[in-house]
Amino acid sequence: MTITQAISRADELRLNTISHDQKVEWVTGIDRQLAERLDHKMPEYNWPAEDDTLLLPAPHDWVYVVYLCGQIDYYNNETTLYANDKAVYDAALNEALGWWRRNHCPDDSGNVQVM
């Protein structure tokens with residue numbers, strides 16, 4: 001999923017007047033946080049010259065859309081919607097983190113010594 005795709009999908013779900021630049025800042029910010037959390041190379045964005053691809057692939061890219069919906073609801077003082085978005089985001093993030101660990105962690109070599 002690209003930055004523009006994430007923003008477009010969130011805009012389809014939530015009518016808002018928040019600037020496109022602010023939403024770009026939110027989605028790239030969460031992508032950087034994910035890269036740090038996953039011990040991945042920090043992404044560099046060339047926005048708006050390039051529509052950069054975000055770190056998580058499908059189907060886990062839903063994390064970005066739900067995060068943007070939550071941010072929109074938070075800044076529009078839609079506390080009930082924000083609480084729902086946060087719960088869905090947390091579940092989607094946990095699923096994505098589990099998938100990442102299963103697919104990107106080094107194999108267990110069996111020679112770990114516990115002292």
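## Close-up views of a four-helix chain

Of the 115 residues in the protein chain, 38% count as buried. The model is predicted.

**View 1. The whole protein chain holds four helices and zero strands.** Along the sequence, the pattern runs α-α-α-α. The C-alpha atoms fill a box of roughly 55 × 35 × 25 Å along the principal axes. Consider contacts between residues at least 6 apart in sequence: 63% of them join residues at least 24 apart.

**View 2. The surface of the protein chain exposes about 7500 Å².** Carbon and sulfur atoms supply 49% of that exposed area. The chain carries 9 positive and 19 negative charges. The mean positions of these two sets lie 3 Å apart.

**View 3. Helix H3 covers residues 62–75.** H3 has 14 residues. From its first C-alpha to its last, H3 reaches 20 Å, close to the 20 Å expected at 1.5 Å a residue. How many residues of H3 are buried? Eleven of the 14 are, so H3 is largely enclosed by the rest of the structure.

**View 4. The buried residues of H3 run through much of the list from Val63 to Asp73.** Val63, Tyr64, Val65, Val66 and Tyr67 are buried. So are Leu68, Cys69, Gly70, Gln71, Ile72 and Asp73. What covers the buried residues of H3? The cover includes helix H1 (3–13), helix H2 (20–37) and helix H4 (79–104).

**View 5. Asn77 sits just after H3.** Asn77 takes a positive phi of about 60°.

**View 6. Helix H2 has 18 residues.** At 1.5 Å a residue, H2 should span 26 Å. Its end C-alpha atoms are 26 Å apart, which agrees.

**View 7. The buried residues of H2 include Trp26.** Lys23, Val24, Val27 and Thr28 are buried as well. Ile30, Asp31, Leu34 and Ala35 complete the set. An α-helix has 3.6 residues a turn, so residues three or four places apart point the same way. Which helices help to cover the buried residues of H2? The cover includes H1, H3 and H4.

**View 8. Asp39 comes just after H2.** Asp39 takes a positive phi of about 55°.

Technical notes
Residues are numbered from 1 along each chain as its sequence is written. This is a predicted model: local features need pLDDT of at least 70, side-chain atom pairs count only at pLDDT 80 or more; totals for chains, interfaces and linings use all residues. Side-chain values use heavy atoms; hydrogens and water are left out. Helices (H or I, at least four residues) and strands (E, at least two) are DSSP runs, numbered from the N terminus. Buried means under 20% relative accessible area, exposed over 50%, partly exposed in between (1.4 Å probe, protein chains only). Contact means heavy atoms within 4.5 Å. Accessible areas come from the Shrake-Rupley method with a 1.4 Å probe; for residues, only the protein chains shown count as cover. Lys and Arg count as positive and Asp and Glu as negative; His and the chain ends are not counted. The place of a charge is taken as NZ of Lys, CZ of Arg, CG of Asp or CD of Glu. The expected span of a helix is 1.5 Å times one less than its number of residues.
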